[in-house]
Amino acid sequence: MAATLCLASATVAALPATSSAGTGQGGETMAEGGHTVRISRTEYGVPHILAQDFDGLGYGYGYAFAQDNVCELADHVVTLRGERSRFFGPDGESGQGEVDGTNLASDTYYSGQQRAGTVRQLLAQKAPLGPTAELRRMVEGYAAGYNRYLRDTGVDHLPDPTCKGKPWVRPITALDLWNVVYDVNRVTSTVPLVPDIGDAKPPTTTAASGTGIASSTGTASRVPTATPTVPGFGSNGWALGRDATRTGNAMVLANPHLPWAVGYFRLYQVQLTIPGTLDVSGAGLYGTPLVEIGHNSTLAWTHTASDAQHDSVYALKLAPGDPTSYVLDGRTVPMERRTVPVTVRDANGGLSTVRRTLYSSHFGPVLSSGWTATTAYALRDANADNLRSMNTWLAMAKAHDLGQLRAAQDTFQGIPWTYTLAADSSGGTYFTESSAVPHLTDGQLKRCTLPNDEGPTALDGSTSACAWGSDPDALVPGIYGPSHQPKSSRTDYVANSNNGPQYVNPEAPITGLPGVYDTDPHLDGRAQLGLRMIAQRRDGTDGLGAPGFTESTLRDSMLGNRVLSAETGRDDIVGMCRAHPSLTATDGTEVDVRQACATLARWDTRADTTSRGIVLWSAFYNRLLDGGPPDTWRRVPYDPAQPLTTPRGFNGDDVRVQRALADAVQDFAARDLPVDVALGAVQKWDGIPLPGCDAGCFDVVEGSPDSGTGTPTAGAFGSSFLMTVELTRNGPRAHTLLTYGQSANPASPHFSDQTRLFSRKQWVLERFTQAEISGDPGLEVTTLRR
């Protein structure tokens, strides 16, 4: 029986009885003057928010999210307000997830951003540059809903021990949420370098003294080695048209790969409904007010991380004798300086203020790394003025077909750093790289890219001839407009696994693109495997039945846990180790590999939790990849004429191949680990065996026995929100799987309930219509009176 919960009930935080709404038959909420919001939670805690306007929709979303993840957003807000040193000390972790850096460096950057009023200035603009009126109301409502939960529950009674009773858990503002959005938009460009920007100082400048913070002088020793990226970002995305499916209905597969234990990289599943205006279901990043990957009744879409450049590092030629001035077009230009106060907590709990200075150039903020007496590096970010992303996603959510989705992206131009793959109920599919990409011609890249023997891949910052150009149809200067963006419309399929745009469909390659879009034809193993899986499903040679996709075979393909490196090379290694039962390790030790050889021969070449051989294979293969250029040890080297099938296999006579297997077996023995250990015994989250791998798997997962345990959690990475959706004439039919559950609170029943499903290759049947939602026997409904 459906359980209809009013806010005064004991199952949620106790609230005044006046905040509850009446209920009708079947657990349906009766709206009272349009001022009630209904949160219906179906299996695994998925909230379906129903409201009469955007204020209420945001209100319900903010409240529901706070119920599950109040600590995650509270912690992120502390970071974005530049207050980590105040609460956690200056030397603690910066809160930037995978990015190394101190709280003090992070606070310096974000305090500077606050004082500069960057986000406020973007908010002051009218749409399309600034947020639409609907979106502004939704964000205001989200903040109010979050604060309502916090106020009525009380910080001392929060269910998550991570932040229960903590002074840093405070009400949030709409501006805090816009700061979250702005950070999300720059997460593959500026955000990884926040510690580097916050710590930047000229080589002859001494850090502030007398503050309890260690001072330092001298030339910076660290040098950035490449254009900044966030480690591990990736995804698989397919849009299958009517010519690729058995039913003639279009389908979409979403499979983003993101960190599991980093709050602002986690996804939250939700449905957002305003009758007659909006009805979208899917997932969005923590703290953002919308669905970013999902579907409505006639349209579905997903995103994969783009290989295009979204920033440029510029090498500044410094003025002689003055490391805080640089030469541009023959003129000496002083760097801009902004001094910001940062409050820090010492070991005894006392507070003091440190004054720190940020440096900026014509191109953007100056980095600490590589700053010498003659050279400094600055970062220009194509998303530095992007607060348009939520406009784009809201317009996409309201679109009825691919034409309207394309119009949404062209109008707002806010997709920050991903490709888009979409399909609609007509059976068509669409791919586009519509993200913010610097307007740099191939000629500029050739003329302006400096040698990188010691520094990053940087452009010459001494001449404006190396600055970004612009397109007439670009909303903001410096980026490519829609007329130059890669696009493909098909009735068979488009697919991407973080490869460049060229081979989203090999039958119609996208060519002639500027180099900033990364048109390298090389495909890594995961991209090759994805295209192979589609081809084999279309001709029925993958063992999943008759040719053509159904939603069922799409799910089976996703969680088939195939490993391309093994499919194309396992037999090479078995032949090698049978011919050489003793191999020499790197340290010169002779290693008996007979048992390892037998294990690989028996292995099913899959990365299921029960597979025995994948752990050994991953250890061997990753050692080989780390050992040098791959083509020299490949049985078949890369051939530009065969980009979908080369390189492949292993040359068993190559000493590095033999050494990699010997080293792996030697390491297993040192760790007292059987070479035939099952994957699920060593790859876990919250004690639950995980499938997938990082050795050429389509289903990318990286974990360890202690993943998901401890405070904070040790972490895992890979498949996060899985979605398959078929757009039928009778509406969408979808299955989902949020691999780490709806809540980051280890005490929540939804912390790892879906992880158990993932371990068993089970999916959640999505409830999209009101009848489907009401039909959940375990339905819980919370009504909020605004």
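## Exercises on two asparagines and the nonpolar cores

Asn499 touches Asp307, Tyr419, Leu523 and Ala527 in this predicted model, when residues up to four places away in sequence are not counted.

**Exercise 1.** Locate Asn499 among the secondary-structure elements, and decide whether Asn499 counts as buried or exposed.

*Solution.* Begin with the position: Asn499 belongs to the loop that runs between strand S20 (493-496) and helix H11 (525-539). Next take the relative accessibility, which is 7% for Asn499; because buried means under 20%, Asn499 counts as buried. Finally, look at the polar surroundings, where a polar atom of the Asn499 side chain lies 2.8 Å from the backbone nitrogen of Ser497.

**Exercise 2.** Determine which side chains make polar contacts with the side chain of Asn255, and place Asn255 in its strand.

*Solution.* Asn255 is found in strand S5 (residues 251-259), and its relative accessibility of 0% is why Asn255 counts as buried. The side chain of Asn255 then makes a polar contact of 3.0 Å with the side chain of His257, and a polar contact of 3.0 Å also joins it to the side chain of Ser719. Beyond four places in sequence, the residues that Asn255 touches include Thr302, Met558 and Phe698.

**Exercise 3.** Identify the residues with the most contacts inside the largest nonpolar core, and the helix that gives the most to this core.

*Solution.* The largest nonpolar core has 176 residues, and Trp238 and Leu272 have the most contacts inside it. Helix H1 (residues 54-80) gives the most to this core, namely 15 residues. Another core, of 40 residues, lies apart from it, with Met576 and Leu679 among them.

Notes: Residues numbered from 1 in each chain as written. Predicted model: local features only at pLDDT ≥ 70, side-chain atom pairs only at ≥ 80, totals over all residues. Heavy atoms only, no water. Helix = DSSP H or I, 4+ residues; strand = E, 2+ residues; numbered from the N terminus. Buried < 20%, exposed > 50% of the residue type's maximum accessible area, 1.4 Å probe, protein only. Polar contact = N/O pair within 3.5 Å; in protein donor to acceptor, adjacent residues only side chain to side chain. Contact = heavy atoms within 4.5 Å. Core = buried A, V, L, I, M, F, W, Y, C linked by side-chain atoms within 4.5 Å.
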